[in-house]
Amino acid sequence: PKAYKINVPDSLGLTLPALALPSGTSSDGKVVYGTIYVLGPFGFVPVSGFKWTREGGTVLFNDVPGYKDYVTLANDASDDGSVIIGIVDNISAEQFVPWVWQEGKGYKIITLPAGAYKPKLHGITADGKIVFGSYVKDIDVGEVRLFFWSEEKGAVDFDPYGHRFINGVCM
């Protein structure tokens, strides 16, 4: 095995120490994805999601449409690394915006029902066609809903048994 250094691009304009922390790799190991962190006064803070390949270097996910210059995190990818999922973290409003990035197509924002709070993306199928996630539906009682997303159907709540998850407990 070989080791490669993932350089933090100068285009981020960082003046503090930074590191690129991988979340994972494609199944063949040719694509690495994760999040770049900068050292702040209270520890490392996320700055931008990234994708790295030996041939193409580092590609930043800091230009999500409508959320330029917001913090992004990249947390999973299809087996070949051509589809990457993540969130925009609007730190000041404590709201997350889930996104899907596809090689050659760019970004898609995952639109969730009104009132969806703090969505998270948990995984993606090997072919990159279906994303699995969750969001808080009722913040007062901590009700969590699960969903699947595809380009064809958008976000669809997934609850085959009619259960609700309240504070992590299935009701």
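This is a short tour of a predicted model, stop by stop, with something to select at each one.

Before you click, two notes on the ground rules. Residues are numbered from 1 along each chain as its sequence is written, and in this predicted model local features need pLDDT of at least 70, while side-chain atom pairs count only at pLDDT 80 or more. Totals for chains, interfaces and linings use all residues, and side-chain values use heavy atoms, with hydrogens and water left out.

**The whole chain**

Start with a cartoon view. You'll find 14 strands and zero helices; here helices (H or I, at least four residues) and strands (E, at least two) are DSSP runs, numbered from the N terminus. Of the 171 residues, 39% count as buried. Buried means under 20% relative accessible area, exposed means over 50%, and partly exposed is in between (1.4 Å probe, protein chains only).

Now switch on the surface. The chain exposes about 9900 Å², with carbon and sulfur atoms supplying 55% of it; these areas come from the Shrake-Rupley method with a 1.4 Å probe, and for residues only the protein chains shown count as cover.

**A hairpin and a nonpolar patch**

Select residues 43–53 and 57–60, which are strands β3 and β4. They run antiparallel and are joined by four bridges (two strands pair if DSSP finds at least two bridges between them). A hairpin of three residues takes you from β3 to β4. Look across the pair and you'll see Trp 52 opposite Thr 58 in β4.

Stay in β3 and pick Phe 44. Phe 44 is partly exposed, at 44% relative accessible area. Add Leu 19, Leu 21 and Leu 39, and together with Phe 44 you have a nonpolar surface patch of about 320 Å². Patches are made of residues with over 30% relative accessible area and no salt bridge, with like charges joined within 9 Å and nonpolar side chains (Val, Leu, Ile, Met, Phe, Trp, Tyr) within 5 Å.

**Rings that meet**

Next, show the aromatic side chains. How many aromatic pairs does a search of the whole structure find? There are eight. Rings of Phe, Tyr and Trp (its six-membered ring) pair if their centres lie within 6.5 Å; planes under 30 degrees apart count as stacked, over 60 as edge-to-face and the rest as tilted.

Zoom in on Phe 61 and Tyr 107, an edge-to-face pair at 6.3 Å centre to centre with 80° between the planes. Phe 61 sits in the loop between β4 and β5, Tyr 107 in strand β8, and the two are 46 residues apart. Phe 61 is buried, with a relative accessible area of 0%, and Tyr 107 counts as buried too, at 17%.

Then jump to Phe 148 and Phe 158. Their ring centres are 4.8 Å apart and their planes at 75°, so this pair is edge-to-face. Phe 148 lies in strand β11 and Phe 158 in the loop between β12 and β13, so the pair ties together parts 10 residues apart in sequence.

Go back to Phe 61 and Tyr 107 and add Trp 99 and Trp 101: ring pairs link these four into a cluster.

**Trp 149 and its company**

Select Trp 149 in strand β11. Is Trp 149 buried or exposed? At 8% relative accessibility, Trp 149 counts as buried. Its contacts (heavy atoms within 4.5 Å) include Val 100, Ile 110 and Gly 154. Ile 130 is another one; its C-alpha atom is 5.6 Å from that of Trp 149, although the two are 19 residues apart along the chain.

**Charges that meet**

A search of the whole structure finds four salt bridges, each one a side-chain nitrogen of Lys or Arg within 4 Å of a carboxyl oxygen of Asp or Glu. Select Glu 151, in the loop between β11 and β12. Glu 151 meets Lys 105 at 3.9 Å, N to O, and Lys 108 at 3.4 Å. Together the three are linked in a network of salt bridges. Lys 105 is exposed at 56%, whereas Lys 108 is partly exposed at 38%.

For another salt bridge, select Arg 145 and Asp 157, at 3.5 Å. Arg 145 lies in strand β11 and Asp 157 in strand β12.

**Last stop: Lys 118**

Finish in strand β9, residues 117–124, with Lys 118. Most residues other than glycine have a negative phi. Phi of Lys 118 is a positive value, near 50°.

Definitions and conventions: Lists of a residue's contacts leave out its neighbours within four places in sequence.
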